[in-house]
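Student: I should like a close look at the charged and polar side chains of this model, with the salt bridges as the main subject. Please set them in the context of the chain as a whole.

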Amino acid sequence: MAIDYSGFSFAKGQPAVLAKRIKAKAEESEWRLVCRAVDGRDKRVCQVTGVSLSAGAVDPWLALERHHLEFRSQNKSRRFTAPNIWTISRGVHQLIHAGALKVLNKRGQPARDVLEIDHVAWNRVLVPRGD
């Protein structure tokens, strides 16, 4: 049972713990809205492998994850924007964050928007060609 603190007045203002909780709750609801938009666009299919994904899957190639093209820590204004978020499997996500896969635009530069994505390429420095 949660306590409604809105009727209370605090001498020093709202406690930091309550402010953090309110902010986290607002961000969670905003994240859910963006996830719905991304799911509607990507249809819960990995945009690299084309495999249908599910949120509770144990297999990393079937587990649904969302990747921020521009990291949340680098651009907080794009944390909750659908063009910055891409649906991929956990296995692909791990390869991207390990630096083995690169998400690129037509000019071969890192893509900053879902509409810019042209292809995904192996990082040949980490993954040499298998001749």
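Tutor: Of the 131 residues in the chain, 28% are buried. The model is a predicted one, and every value below is computed from it. The accessible surface of the chain comes to about 9,100 Å², and carbon and sulfur atoms hold 55% of that area. The chain contains two helices and four strands, which follow one another along the sequence in the pattern α-β-β-α-β-β. Among the contacts with a separation of 6 or more, 51% are between residues 24 or more positions apart.

The salt bridges may now be taken in turn. The whole structure contains seven of them.

One lies within helix α1, where E28 and R32 are both found, four residues apart, or about one turn of the helix. The closest N and O atoms of E28 and R32 are 3.4 Å apart. E28 is partly exposed, because its relative accessibility of 37% falls between the 20% and 50% limits.

A further salt bridge joins the side chains of R41 and D42, with an N to O distance of 2.9 Å. D42 belongs to helix α1, which covers residues 16-42. The two partners differ in their burial class: D42 has a relative accessibility of 6% and therefore counts as buried, whereas R41, at 34%, counts as partly exposed. The side chain of D42 also makes a polar contact, at 2.9 Å, with the side chain of T87. When residues up to four places away in sequence are set aside, D42 touches Q47, W86 and T87. The buried carboxylate side chain of D42 thus has a salt-bridge partner in R41 and a polar contact with T87.

The side chains of E70 and R112 form another salt bridge, with 3.4 Å from N to O. E70 sits in the loop between β1 and β2 (85-89), and R112 in the loop between β3 (101-104) and β4 (119-122), so this pair ties together parts that are 42 residues apart in sequence. E70 counts as buried, because its relative accessibility of 12% is under the 20% limit. Beyond these pairs, D39, R44 and R66 are joined into one network by salt bridges that share partners.

A histidine in strand β1 completes the polar side chains considered here. H68 is found in that strand, which spans residues 64-68. Its relative accessible area is 9%, so H68 is buried. Apart from its neighbours within four places in sequence, H68 is in contact with W31, R78, R79, N84 and I85.

The cysteines deserve a brief remark as well. C35 is buried at a relative accessible area of 9%, and C46 is buried at 1%. The count of disulfides in the model is zero, a disulfide being taken as a pair of cysteine sulfur atoms within 2.5 Å.

Note on methods:
Residues numbered from 1 in each chain as written. Predicted model: local features only at pLDDT ≥ 70, side-chain atom pairs only at ≥ 80, totals over all residues. Heavy atoms only, no water. Buried < 20%, exposed > 50% of the residue type's maximum accessible area, 1.4 Å probe, protein only. Contact = heavy atoms within 4.5 Å. Areas by Shrake-Rupley, 256 points an atom, 1.4 Å probe, with all protein chains shown as cover. Polar contact = N/O pair within 3.5 Å; in protein donor to acceptor, adjacent residues only side chain to side chain. Salt bridge = Lys/Arg side-chain N within 4 Å of Asp/Glu carboxyl O.
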